[in-house]
Amino acid sequence: MDGYQIFNWGLLFITFALMIYLGYLSSKMMKKDDEGGFLLAGRSLGAFVGAGTIVATGFSGWGFVGSPGATYQFGAIEILGNFFFAPAMMIAVLYFASFLQAKAVDMGSNTIPEYVAQIHGGGTLGRAVQGLAALITIILLLVFLTSQIKAVALLGANWLDIDLTSSALLMIGVIIIYTMLGGLAAVAWTDTVMVVGMCLAAVMIIVQILTSIDLGEWESTLNAMDPELLNPTTGAHYGDSPAMVFLVLPYAFLFAAVLPFMAVRFLAFKPDVKLHKMGIYVAIFGALLSLVPVVGLYVKAQVPDLADPDNAMPVYLEQFMPPALEGLITLFILFAMKSTANSLLHTVASATSHDLRLSLFRNAFKSPNLVLWINRFAVVILGVVALLMMLYAPPFMLSWLGILGTGTLLASFIGPVFISTFWQGSAWGALAAMLVGFFTSGYMMLFADVGWLVGPLTGCAVSSVCYVGVSLVTKRVAFQKAPV
C-alpha cells in the first residue's frame with residue numbers, strides 16, 4: 001500500500017468515526033421521543049440542517065456519477081436538465097413544505113404512508129392505504145437504493161483499490177450503523193456535514209476544468225466527435241424533442257415535494273422554522289452542485305472511448321486530478337452517494353417497521369422500547385437486502401435505475417400526497433391512484449421507448465385523473481389524528 005492509499009484509508013476512517021459519533025449523539029433523541037425521534041428527529045430540523053439534508057439527498061450518486069455519465073453519453077442536454085433541480089427544490093421548500101408540515105403535525109403523522117392514510121380518513125380502509133403505500137415505497141426505493149449502493153461501491157473500489165463487493169460491504173456497513181443508531185436525526189446531521197464537502201468538491205472540479213483546457217478547443221473537439229453533444233436536435237434520453245428537457249423542472253419539484261424520502265423532511269422541520277432562510281440555503285447548495293455534470297463533457301473530449309459512461313467521474317478523478325485532491329474529492333463524492341443511501345435506507349426501514357406494522361398489527365407492539373428496536377432491526381435487514389440486490393442485479397445505467405424507482409414512486413404518490421394537500425380525495429381514490437401510477441409508469445419505463453421522463457410524468461397525469469375521478473364517486477372522509 002503506497003502513501004496515497006494510506007492517506008485515502010485514513011480519510012475514510014476519520015469520516016466513518018465522525019458519522020458514527022453523530023449517530024450516537026442523535027440516538028439520545030430516542031430516549032425522550034421514542035419512535036418519533038427515530039422517524040422524524042423529534043421534529044427538530046432547523047433551516048440550515050433542513051436545507052443541507054434536502055440538497056444532499058437530492059444531489060446524490062446520480063449527481064456525481066450518474067449525471068456525468070449521462071452527460072458523457074448524451075451531451076450538454078443533461079447539464080441543462082441537472083440545473084432545474086435547484087430551483088425545483090427551492091420552490092418545494094417555499095411553497096409546499098408548510099402545507100404538508102401543518103397537516104402532518106395536526107394529525108401526528110410520522111411517515112408519508114401514515115400521512116396518506118390519515119388524511120384519507122384512517123380506519124380500516126386507511127390501514128389498507130397505509131399498507132399499500134408502504135409496500136410500494138419499499139419496492140421502489142429498494143430499486144433506487146440498489147443504484148446508490150452500486151454508485152458508492154464503484155467509486156470506493158477505485159479509490160481504495162479493493163474489489164466491488166468489499167467496497168459495497170464497507171460503505172453500506174457504516175451507513176447501517178449510524179442510521180440504526182440515530183434514525184432521521186443522524187441522517188440529517190450527517191447529510192449537512194456531507195453537503196458542505198460536496199459543494200467544496202464541486203468548486204474544486206470546476207476550477208480544475210476551467211484552468212486546464214482551452215474552451216474553444218474543447219468546443220471544437222466535441223463538435224468534431226458529434227454535433228449533437230453541444231447542439232442537440234432531440235431530447236436524447238428525455239424524449240424526441242429538445243424541449244422535453246424542460247419537463248425536468250416539474251419532475252424535480254414533484255421529486256422534492258412528493259417522494260417519501262424527500263417529503264418526510266418537511267414533517268421533521270421545527271414548527272417555527274424560517275422557510276425563506278431554508279430556501280436561500282437550498283438555492284446556494286443546489287447551484288454549486290448543478291455544475292458537476294460538466295465533468296462528463298470534459299472526459300468525453302479527453303477520453304472518448306469509455307466502455308461504461310458511468311465511469312466518467314472515476315476516470316476524471318484518476319487521470320486529471322492530483323492524487324491528494326483526488327482522494328479528498330472522492331471522499332466528498334462518497335458523501336453525496338451516502339447521503340441519499342442513508343435517506344433511502346431510513347425510509348424503507350420506516351415503511352417496514354412502522355407503516356406495515358401499523359397496517360397489519362395496529363394494536364400490537366405497544367412498548368416504546370420494543371418499537372424502537374423494531375425500527376433499528378429493520379434498518380439492518382433492509383440494508384443487507386439492498387446490498388444483495390446490488391451484488392446480483394444485471395448491468396444497468398445508474399441514472400435510469402434511479403428514475404425507474406423514483407419516477408414510478410412519484411407517479412404512485414402524486415395524488416395521495418400532493419393533490420390531497422389542496423383537495424382531499426377518498427381512500428378508494430388513493431388506492432386506485434397508487435396502483436394506476438405504479439403500473440403505468442413502471443410499464444412505460446421498462447417496455448416503452450418514450451424517454452426517461454415521459455413515463456413517470458404520464459404516470460403522474462393518469463394517476464392524478466384517477467385519484468380525482470374515483471374520489472368524486474366514492475365517499476370522502478375527513479382526516480383523522482393518529483391514535484394515541
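A residue is called buried when its relative accessible area is under 20%. The model described here is predicted, and this cut-off is applied to its helices and loops below.

In helix H18 (residues 368–392), the buried residues are Val371, Leu372, Asn375, Arg376, Ala378, Val379, Leu382, Gly383, Ala386, Leu387 and Met390. An α-helix has 3.6 residues a turn, so residues three or four places apart point the same way. The length of H18 was also examined. Its 25 residues should span 36 Å at 1.5 Å a residue, and because the C-alpha atoms at its ends lie 37 Å apart, the two values agree.

Helix H12 (residues 248–258) is mostly covered, with 9 of its 11 residues buried. These buried residues are Val248, Tyr251, Ala252, Phe253, Leu254, Phe255, Ala256, Ala257 and Val258.

Helix H10 (residues 164–210) was considered together with helix H16 (residues 312–320). The axes of these two helices come within 13 Å and cross at roughly 60°. The crossing of H10 with H16 is left-handed. On the H10 side, the contact is made by Ile205, Gln208 and Ile209, and on the H16 side by Met313, Tyr316 and Phe320. By type, the residues of this contact comprise 5 nonpolar, 1 polar and no charged.

Two further residues of H10 were examined. Trp189 is found in this helix. With a relative accessibility of 29%, Trp189 counts as partly exposed. Its C-alpha atom is separated by 9.1 Å from that of Leu45, although the two residues are 144 residues apart along the chain. Cys199 also lies in helix H10. Here the relative accessibility is 7%, and Cys199 is therefore counted as buried. Once neighbours within four places in sequence are set aside, Cys199 is in contact with Phe285, Leu288 and Leu289. The C-alpha atoms of Cys199 and Gly58 are separated by 13 Å, with their positions 141 residues apart along the chain.

The cysteines were then checked for disulfides. The structure holds 0 disulfides. For Cys460, the closest cysteine sulfur is that of Cys466, at 13 Å; a disulfide requires the two sulfur atoms to be within 2.5 Å, so the sulfur of Cys460 is too far from that of Cys466 for a bond. Cys460 has a relative accessibility of 4% and therefore counts as buried.

Helix H17 (residues 323–360) contains Ser359. The relative accessible area of Ser359 is 13%, so this residue is buried. Not counting residues up to four places away in sequence, Ser359 touches Arg127 and Gly131. Ala351 is likewise placed in helix H17. Its relative accessibility is 1%, and Ala351 therefore counts as buried. When residues up to four places away in sequence are not counted, Ala351 touches Ala134, Thr137, Ile138 and Leu356. The C-alpha atoms of Ala351 and Leu39 are separated by 9.9 Å, while the residues themselves are 312 residues apart along the chain.

Backbone angles were considered last. Most residues other than glycine have a negative phi. Ala41 is not a glycine, yet its phi is positive, at about 55°. Ala41 is found in the loop between helix H2 (29–40) and helix H3 (47–58). Its relative accessible area is 0%, so Ala41 is buried. A positive phi, near 60°, is also found in Asp161, a residue other than glycine. The position of Asp161 is in the loop between helix H9 (123–160) and H10. Asp161 has a relative accessible area of 64% and is therefore exposed. Of these two loop residues, Ala41 is thus buried, whereas Asp161 is exposed.

Note on methods
Residues numbered from 1 in each chain as written. Predicted model: local features only at pLDDT ≥ 70, side-chain atom pairs only at ≥ 80, totals over all residues. Heavy atoms only, no water. Axes fitted to C-alpha atoms, helices over the stretch in contact; angles between N-to-C directions. Helix = DSSP H or I, 4+ residues; strand = E, 2+ residues; numbered from the N terminus. Left-handed = near helix turned anticlockwise from the far one by under 90°. Contact = heavy atoms within 4.5 Å. Nonpolar A, V, L, I, M, F, W, Y, C, P; charged D, E, K, R; others polar. Expected span 1.5 Å × (residues − 1). Buried < 20%, exposed > 50% of the residue type's maximum accessible area, 1.4 Å probe, protein only.
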